[in-house]
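I sat down today to look at how some helices pack and where the empty space lies. Here are my notes, in the order I looked things up.

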Amino acid sequence: MTEAASSLVCAGCGASPERDDPYPFHCPNAGAGDVDHVLVRVLDTTRVSFPTADVSETEPFARYRGLLHSYHRGAAGGMSDTEFLALVERLDRAVAAVDGHGFAVTPFGRSKTLSSDLGFTDTGGVWIKDETGNVAGSHKGRHLMGVLLHLEVAENLGLADPKSRRDLAIASCGNAALAAAVVAAAGDRRLRVFVPVDADAGIVRRLSDLGADVVVCPRQPGVPGDPTYIRLREEIAAGALPFTCQGNENGLAIEGGETIVYEIVSDLSASGLDLDHVVVQVGGGALASSCMQAFAEAADLGVIARSPRIHTVQTLGAHPLERAHHRVQELLSDPTSPQDVDEALHDAARHRSAYMWPWESEPKSIATGILDDETYDWVAVVGGMLKSGGLPVVVGEELLVEANEMGKAAGFGVDPTGSSGLAGLLDLRERGVIAAEDKVGVLFTGAQR
Ligand SMILES: Cc1ncc(COP(=O)(O)O)c(C=O)c1O
């Protein structure tokens, strides 16, 4: 067995899972001390390259397979490129059989209407990455397809027995649950979904139709934190595998999400453009963490000159990320020094409870998908903002409504969570942080149902 061209390292304590661990989702020291143990997939950039030859390939997991840990894990165990490609194709056909279509590169382009609505010049503007037509109606399936590929590779290498598969589990009330149910059904795996009491009845029906076991979790008086998440942790402790879109529960969930930005970067380099800013909505933080990591990798691999400034968006209803960002910033004597930033992040990751804790009141907003009590991937996302020059934006309901109406009027079937990045952009334009001639990327992540 050769060394894989990627590895998994805990950002909190530096530990790595055993090489032959079939489920290397958690840091081996997870739960120890007041440390934020989150595994990060690290590419050996001397051994991997960004794909340019096969950009005609329209299935993202096929096109960007050379950047996936599952691919390198498989290759190190003797799996050929042809075998991995066949695995992606088989799973993608199964996803299509469940959801009507599989994964395909999603549209990305300058919106003339939105650019003019927001007062941009002809050279500047808003570039929309439109995920509303993706599997299960959001970007979430990307995270989970990445995890499913890993599970399949572990079986292919003989590290896990396909005849005694462990159940999968997720906590979610919407897009992540739907995506998990589609991808788990495609992989022929049992899934338990923990949902809140006010989960949408139509979504719960669809989850059951897809074969998921749905468990309703009421809030317990006096117990802070998301009750679905508390139940998920119990289920994982009892042996279920985290089929989640949260890096702290499953570090391998991040790389599937990175395919969004890999696609953006491919389009940008083909058209010779650079984005100045990206504005990303944040709930648990996996989406923003994925975007930040992918832009950083693309810069390391020489595909783009530098990462754009990546700003994050939360609602007045709950903004634990903005709170953590503020506290980390207070540690910095020189915010422009990457070394200072790394030291502050390292320190913060080792004193988690001083930076991240559940939002005290029950959060409410029209953008229901980004109401997480905690930003689980906060260290990576605070780091991504500090290193790229991004800011944490907190928006009120009026801007969320306005952004959603603008998005729909511009021809996108997007829901209020999916357009909340645009609400952040409205705020940043109003404050003059983003100029009329700047080029800005916004992700429309969820479809209006
Ligand atoms: C449509 C949509 N966009 C964005 C997000 C935020 O993603 P994350 O929780 O990874 O921050 C969610 C989360 O549920 C979502 O449903």
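Before the first entry, a reminder to myself: an axis here is a line fitted to C-alpha atoms, for helices over the stretch in contact, and angles run from 0 to 180 degrees between N-to-C directions. I also keep in mind that this is a predicted model.

**Entry: helix 3 and helix 6**

I started with helix 3 (residues 81-99) and helix 6 (residues 175-186), whose axes come within 8 Å and cross at roughly 125°. Angles from 65 to 115 degrees count as roughly perpendicular and those over 145 as roughly antiparallel, so helix 3 and helix 6 are oblique to each other. I noted the handedness too: helix 3 passes helix 6 in a right-handed crossing. On the helix 3 side I found L91, A94, V95, V98 and D99, and they meet V182, A185 and A186 of helix 6. Sorted by class, this contact has 7 nonpolar residues, no polar ones and 1 charged.

**Entry: helix 2 and helix 5**

Next I turned to helix 2 (residues 69-76) and helix 5, where the axes cross at roughly 10° and come within 9 Å. That angle makes helix 2 roughly parallel to helix 5. The residues I listed are S70, R73 and G74 from helix 2, which meet L149, H150 and V153 from helix 5. Their classes come to 2 nonpolar, 3 polar and 1 charged.

**Entry: helix 9 and helix 10**

How far apart are the axes of helix 9 and helix 10? I found 7 Å between them, with helix 9 (residues 253-271) and helix 10 (residues 286-300) packing at an angle of about 55°. That makes helix 9 oblique to helix 10. Their crossing is right-handed. From helix 9, the contact takes I254, G257, E258, I260, V261, Y262, I264 and V265. Helix 10 answers with A286, L287, S289, S290, C291, Q293, A294, F295, E297 and A298. I divided the residues of this contact into 12 nonpolar, 4 polar and 2 charged.

**Entry: the second largest pocket**

Helix 9 and helix 10 came up again here, as both give two or more residues to the lining of the second largest pocket. Strand 2 (39-43), helix 12 (338-349) and helix 13 (378-388) do so as well. I put the space in this pocket at about 850 Å³. Which residues lie closest to its centre? Of the 33 that line the pocket, they are V40, Q293, A296, A380 and K387. Q293 was already in my notes, from the contact of helix 10 with helix 9. Helix 13 provides the largest share of the lining, 7 residues. By class I have 16 nonpolar, 9 polar and 8 charged residues in the lining.

**Entry: cavities**

Last, I looked for enclosed space and found 3 cavities of 30 Å³ or more.

The largest cavity holds about 50 Å³ of space. Around it I listed Y23, L151, A154, E155, A160, D161, R165, R166, R189 and L241. Which helix gives the most to this lining? It is helix 5 (residues 140-156), with 3 residues. The lining of the largest cavity splits into 5 nonpolar and 5 charged residues, with no polar ones.

The second largest cavity holds about 40 Å³. L268, D274, L275, F295, I304, R306 and P308 line it. I was pleased to meet F295 again, having noted it on the helix 10 side of the contact with helix 9. This lining has 5 nonpolar and 2 charged residues and no polar ones.

Definitions and conventions:
Residues are numbered from 1 along each chain as its sequence is written. This is a predicted model: local features need pLDDT of at least 70, side-chain atom pairs count only at pLDDT 80 or more; totals for chains, interfaces and linings use all residues. Side-chain values use heavy atoms; hydrogens and water are left out. Helices (H or I, at least four residues) and strands (E, at least two) are DSSP runs, numbered from the N terminus. Angles under 35 degrees count as roughly parallel, over 145 as roughly antiparallel, 65 to 115 as roughly perpendicular and the rest as oblique. A crossing is left-handed if the near helix is turned anticlockwise from the far one by less than a right angle, and right-handed if clockwise. Contact means heavy atoms within 4.5 Å. Ala, Val, Leu, Ile, Met, Phe, Trp, Tyr, Cys and Pro count as nonpolar, Asp, Glu, Lys and Arg as charged, and the others, Gly among them, as polar. On a 1 Å grid over the protein atoms alone, a cavity is a set of points where a 1.4 Å probe fits but cannot get out, and a pocket is an open set with protein on both sides within 12 Å along at least five of seven lines; lining residues have an atom within 4 Å of a point. Grid points are joined across faces, edges and corners, and a volume is the space filled by probe spheres set on the points.
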